[in-house]
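Colleague: Could you take a close look at the aromatic rings for me? I would like to hear how they pair up and what sits over them.

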Amino acid sequence: MGRTYFVEEGIGQYLSELSTAVKPYVTGLLIGQCSPQRDYVIRAVRTPPKDQHKEQNIPPKLASLDEEWITTHASQVSRMLPGGLLVLGVFVIASPELAKDGQNALRKLIFSVEKSLTKRRLWKPAEEEVSDRAALQICSATKKVVCRTYDVQDPKSSAKPADWKYQSALSASWLALGCTVNVNIHIPLLATSRNHDLEKNTKNGLNRWSKQIEDSVFLINGQVKNDDTELLEGQKKSRGNSQSCTQFSDVKVLTQLCQGSSHRSTATVQVCSGSINLRGAVKCRAYIHNNKPRVKEAIQALKRDIINTLSDRCEILFEDLILNEGPQKKSFEREYHVLPQRLFVPVPGSSVMLSDYKFGDEAAGEIQERFVELLDQAVQAEDIHIAEGISTVDICPVPDNLEDTQQTQLTKATLLMKLQQNMGVVVAAAVAILASIFSFNYFSD
């Protein structure tokens, strides 16, 4: 039996409008949430035109789809999704004569998009996680809808039939979880990294930090809850409400200061040429369906938002630095940068809010343009909610006398290690001398 996709009713109207203007086809992304029992689609977003002139002269072949452009769009959109939401499929609307190539084109796109998104992630999917992705094909003439799925964990996966069912007010009363995470991450820059690859070093540091988040304890409304407990246990659940209504859970994240005794730890001495320091308080948010969600699903969604939001901000910052300063920056001086701030924008008819990031000098108009371009959604300026204060990146080089300082530090470290190694010998010798004296005195008496 195939999977069932419950789809926001407004998506049907959106796809119908796209089908009337198709020339000769249009592609896009499906955004929603997977769960063990069923999947939810709350948004469909067309691929933005790469060039207005070229769009009018699209070669009438689905085999000529611009795969790189579509995957880039998917990567940009994924940054705007809070925890719990993901790009769970792609769609194509095409004329009848192109329909025969539809599934082959969709299959290729699904695997390309998933590969692009996976490359950016600092977390790994759970073994029991749903890995099916939707391929939706619509005929622009007959309006016939065909939905199939492919398992992206299996490169040889074949198409499986899936049900596509529209439902009104699908996400009007989804549950929200939110938290503030105080970040203070120190990332060393290795001296062996000649070109001071800040982005690579930052990603490695965030990768280590993400493991701390994965191992953290999460308190939901002040309580530790069992993974298999229903998130709504003990709470009243709103049903059948056509108006958007959010049930919000406040979450506290307790990061472990040290590893348990079951973990072995080792110390590594590395020569560094500087450091990167990330500091600030970041707002994180996740949304979960209201069909008996488990605590495990909700916490997993929030964990991923915490990890994604910091990683995405750093990516955006480095992209901005490359645009303004160029990829080959020769000097390495102390710098302070402000990470982009997170903002949230409501989805009409839904309790879910989408996300984006802005630098301090960005106007509301630029954010509005980005939502129209990437999400095909008009946003009013008053609906843009800045969620947090400023977080910074401090890039610190070491002083010019690095070699002398390193040599002094290494010499001290070497002496300390030798002293620690010899301490056992000294103690053992002292014990032996005391034992012999005691023995001599005992027999003399």
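Modeller: Happy to; here is a walk through the ring pairs, then the charges over rings and the small sheet beside one of them. This is a predicted model, where local features need pLDDT of at least 70 and side-chain atom pairs count only at pLDDT 80 or more, while totals for chains, interfaces and linings use all residues. Residues are numbered from 1 along each chain as its sequence is written, and side-chain values use heavy atoms, with hydrogens and water left out.

Let's begin with the pairs. Rings of Phe, Tyr and Trp (its six-membered ring) pair if their centres lie within 6.5 Å; planes under 30 degrees apart count as stacked, over 60 as edge-to-face and the rest as tilted. By this rule there are 3 aromatic pairs. One of them joins Tyr 5 and Trp 164, a tilted pair with 6.4 Å centre to centre and 40 degrees between the planes. Its members are distant in the chain: Tyr 5 belongs to strand S1 (residues 4-8) and Trp 164 to strand S8 (residues 163-167), 159 residues apart. Strands here are DSSP runs (E, at least two residues), numbered from the N terminus. Tyr 5 is buried at 0% relative accessibility, and Trp 164 is buried too, at 14%. Buried means under 20% relative accessible area, exposed over 50% and partly exposed in between (1.4 Å probe, protein chains only).

Tyr 40 and Trp 174 make an edge-to-face pair, 5.6 Å centre to centre with 80 degrees between the planes. Tyr 40 is in strand S3 (residues 39-46) and Trp 174 in the loop between S8 and strand S9 (175-190), so this pair ties together parts 134 residues apart in sequence. Both Tyr 40 and Trp 174 are buried. Returning to Tyr 5 and Trp 164, these two form one aromatic cluster with Tyr 166.

Now for the charges. A charge sits over a ring if NZ of Lys or CZ of Arg is within 6 Å of the ring centre and within 35 degrees of the ring normal. Arg 304 lies over the face of Trp 123, 3.9 Å from the ring centre. The charged end of Arg 285 sits over the ring of Phe 344, at 4.1 Å from its centre.

Phe 344 also has a bridge partner, His 385 in S16. Strand S14 (residues 341-346) and S16 run antiparallel and are joined by 2 bridges; two strands pair if DSSP finds at least two bridges between them. They belong to an open sheet of 3 strands, ordered S15-S14-S16 with antiparallel pairing. Strand S15 (353-358) and strand S16 (385-386) stand at the edges with a single partner strand each, so one side of each has no neighbour in the sheet.

Definitions and conventions: Helix = DSSP H or I, 4+ residues; strand = E, 2+ residues; numbered from the N terminus.
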